[in-house]
Amino acid sequence: MSVHLLRWPDVWAVGYTPEEDERMTRMLRYREVVLKALERVRADKTIGNALEGVVTLTIPVSDPPFTKEDRALLTEMTMAADIVAHVGETLEAQAERTTWQRCERCWRYTPDVGTHEEYPDLCERCHDVLQVML
């Protein structure tokens with residue numbers, strides 16, 4: 001039998017709740033706006049890639065509160081250095097170059113690069129990985 005002839009499970013059969021579906025729909029809408037802002041500053045050569053960008057995201061008043069879990073998820077979804085959110089009238093985003101240093105292992109720009117004596121070129125996450133491995 002071909003995979004093309006199989007029936008795919010409904011979204012709810014996978015185990016998503018309506019709240020999870022609503023959250024992901026919202027995050028995908030935010031992602032689109034953030035990626036456009038990052039592309040604008042990449043196109044004008046302010047940044048080389050999304051990892052170098054810090055985004056200020058305006059969340060509409062009508063949307064649910066933007067949690068730290070939302071921030072972490074959206075940062076991963078967009079590969080931005082950081083996302084700072086505040087409430088406003090309309091959904092919009094502005095991006096600029098980060099002032100943080102780049103981790104030499106994962107290439108992410110984080111505020112903790114340069115704070116570890118043993119591995120000054122690594123972020124906290126990569127530093128912890130090396131501590132476990134060695």
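# Exercises on a predicted model

Thr-78 has a relative accessibility of 3% and counts as buried. The exercises below start from this residue. The model is a predicted one.

## Exercise 1: The setting of Thr-78

Task: State in which helix Thr-78 lies, and which residues distant in sequence Thr-78 touches.

Solution.

Step 1. Thr-78 is part of helix α2. That helix covers residues 68-78.

Step 2. Buried means under 20% relative accessible area. Thr-78 is at 3%, so this residue counts as buried.

Step 3. Leaving out residues up to four places away in sequence, the contacts of Thr-78 are Arg-31, Val-34, Leu-35, Leu-38, Ala-50 and Ile-83.

Step 4. There is also a link to Leu-74: the Thr-78 side chain reaches the backbone oxygen of that residue at 2.9 Å.

## Exercise 2: Another residue of α2

Task: Decide whether Glu-76 is buried, partly exposed or exposed.

Solution.

Step 1. Glu-76 also has its place in helix α2.

Step 2. The relative accessible area of Glu-76 is 41%. Partly exposed lies between the limits of 20% and 50%, so Glu-76 is partly exposed.

Step 3. Along the chain, Glu-76 and Arg-31 are 45 residues apart, and their C-alpha atoms are separated by 9.9 Å.

## Exercise 3: The order of the strands

Task: Work out how the three strands are arranged in the sheet and which strands stand at its edges.

Solution.

Step 1. The sheet is open, with the strand order β2-β1-β3 and mixed pairing.

Step 2. β2 (82-88) and β3 (92-97) are the edge strands; each has a single partner, so one side of each lacks a neighbour in the sheet.

Step 3. On average, neighbouring strands here are turned by 20° against each other, direction ignored.

Step 4. Strands of a sheet pair through backbone hydrogen bonds, in a parallel or an antiparallel sense. Here β1 (residues 53-60) pairs with β2 in the parallel sense over seven bridges, while β1 and β3 pair in the antiparallel sense over six bridges.

Step 5. Individual partners can be named. In β2, Ala-85 is the bridge partner of Leu-57, and Ile-83 stands opposite Val-55. In β3, Glu-92 stands opposite Thr-58.

## Exercise 4: Strand β1 and Thr-58

Task: Explain why β1 is described as largely enclosed, then describe the contacts of Thr-58.

Solution.

Step 1. Of the eight residues of β1, seven are buried, so the strand is largely enclosed by the rest of the structure.

Step 2. Thr-58 is found in β1. With a relative accessible area of 8%, Thr-58 is buried.

Step 3. The side chains of Thr-58 and His-86 are joined by a polar contact of 3.2 Å.

Step 4. Not counting residues up to four places away in sequence, Thr-58 touches His-86, Val-87, Gly-88, Glu-89, Thr-90, Leu-91 and Glu-92.

## Exercise 5: Helix α1

Task: Check the span of α1 against its number of residues, and say what its buried residues pack against.

Solution.

Step 1. α1 has 26 residues, which at 1.5 Å a residue should span 38 Å. The expected span uses one less than the number of residues.

Step 2. The end C-alpha atoms of α1 are 37 Å apart, which agrees with the expected value.

Step 3. Helix α1 (residues 18-43) lies across β1, β2 and β3, at about 40° to β3. Helix α2 packs on the sheet too, touching β1 and β2, and its direction makes about 125° with that of β2.

Step 4. The buried residues of α1 are Arg-26, Met-27, Tyr-30, Val-33, Val-34, Ala-37, Leu-38 and Val-41. They pack against β1, α2, β2 and β3.

Step 5. Just after α1, Lys-45 has a positive phi of about 70°.

## Exercise 6: The nonpolar cores

Task: Find which elements supply the largest nonpolar core and which one gives the largest share.

Solution.

Step 1. In soluble globular proteins, nonpolar side chains tend to be buried together.

Step 2. The largest nonpolar core here has 17 residues, and those with the most contacts inside it are Val-34, Leu-38, Val-55, Leu-57, Leu-74 and Ile-83.

Step 3. At least two residues of this core come from each of α1, β1, α2 and β3. The largest share is that of α1, with seven residues.

Step 4. A second, separate core has six residues, among them Cys-103, Cys-123, Cys-126 and Leu-130.

Terms used:
Residues numbered from 1 in each chain as written. Predicted model: local features only at pLDDT ≥ 70, side-chain atom pairs only at ≥ 80, totals over all residues. Heavy atoms only, no water. Pairing = 2+ DSSP bridges. Helix = DSSP H or I, 4+ residues; strand = E, 2+ residues; numbered from the N terminus. Axes fitted to C-alpha atoms, helices over the stretch in contact; angles between N-to-C directions. Contact = heavy atoms within 4.5 Å. Buried < 20%, exposed > 50% of the residue type's maximum accessible area, 1.4 Å probe, protein only. Polar contact = N/O pair within 3.5 Å; in protein donor to acceptor, adjacent residues only side chain to side chain. Core = buried A, V, L, I, M, F, W, Y, C linked by side-chain atoms within 4.5 Å.
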